[in-house]
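Good morning, and thank you for joining. I would ask you to have the sequence and the model in view while I speak about charged pairs and one polar side chain.

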Amino acid sequence: MAVIEVDIRENGIRLVWSDSEDTMLNHRFLRLSCGCAHCVEELTNKKFLDPYSVPQDIKAEDFLFVGRYAVQFLWSDGHYTGIYPFDILRELSNTNQN
């Protein structure tokens, strides 16, 4: 499944999928789900990112598509190295974000 549209909104990030599914992800939930090397240890999958260091009001400020498989976000806390593969975004879209 591919993301065909990303819409950054005040209340979350809207994703439109190639199967016409339309999902919304909470900004902070998505930022805390970053799997980059700055946030997660590659071999053990241990999280480096302290949730308390991520502001409650964090927002995605911009994004870009990475090839045909992922989206990269620029976050209001200055973080930009996380790449979110479409399959991970889809999985996150199906989880409880509270």
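Let me begin with Arg 14, which counts as buried because its relative accessibility is 17%, under the 20% limit. Please keep in mind throughout that this is a predicted model.

With which residue does Arg 14 form a salt bridge? The partner is Glu 5, and the closest N and O atoms of the two are 3.2 Å apart. Glu 5 itself counts as partly exposed, at 37% relative accessibility. The pair therefore joins a buried arginine to a partly exposed glutamate.

The structure holds six salt bridges in total, and I shall take two others in turn. One of them is formed by Arg 9 with Asp 7, where the closest N and O atoms lie 2.8 Å apart. Arg 9 is partly exposed, with a relative accessibility of 35%. Asp 7 is likewise in the partly exposed class, its relative accessible area being 24%.

The other is the salt bridge between Arg 31 and Asp 77, with 3.1 Å between the closest N and O atoms. Where do Arg 31 and Asp 77 sit in the chain? Arg 31 belongs to helix 1, residues 27-32, while Asp 77 lies in the loop between strand 5 (70-75) and strand 6 (83-85). The two residues are 46 residues apart, and the pair thus links distant parts of the chain. Is Arg 31 buried or exposed? Arg 31 is buried, because its relative accessible area is 4%, against a cut-off of under 20%. Asp 77, by contrast, is partly exposed at 33%.

Some of these bridges share partners: Glu 5, Arg 14 and Asp 22 are joined in this way into one network.

I turn now to Thr 23. This residue is found in strand 3, which covers residues 22-25. Thr 23 is buried, with a relative accessible area of 9%.

Which side chains make polar contacts with the side chain of Thr 23? One is the side chain of Trp 17, at 3.0 Å. Another is the side chain of Ser 93, at 3.2 Å. If neighbours within four places in sequence are set aside, Thr 23 is in contact with Ile 13, Arg 14, Leu 15, Trp 17 and Ser 93.

That list returns us to the starting point, since Arg 14 is among the contacts of Thr 23 and is also the salt-bridge partner of Glu 5. Thank you for your attention.

How values were computed:
Residues numbered from 1 in each chain as written. Predicted model: local features only at pLDDT ≥ 70, side-chain atom pairs only at ≥ 80, totals over all residues. Heavy atoms only, no water. Helix = DSSP H or I, 4+ residues; strand = E, 2+ residues; numbered from the N terminus. Buried < 20%, exposed > 50% of the residue type's maximum accessible area, 1.4 Å probe, protein only. Polar contact = N/O pair within 3.5 Å; in protein donor to acceptor, adjacent residues only side chain to side chain. Contact = heavy atoms within 4.5 Å. Salt bridge = Lys/Arg side-chain N within 4 Å of Asp/Glu carboxyl O.
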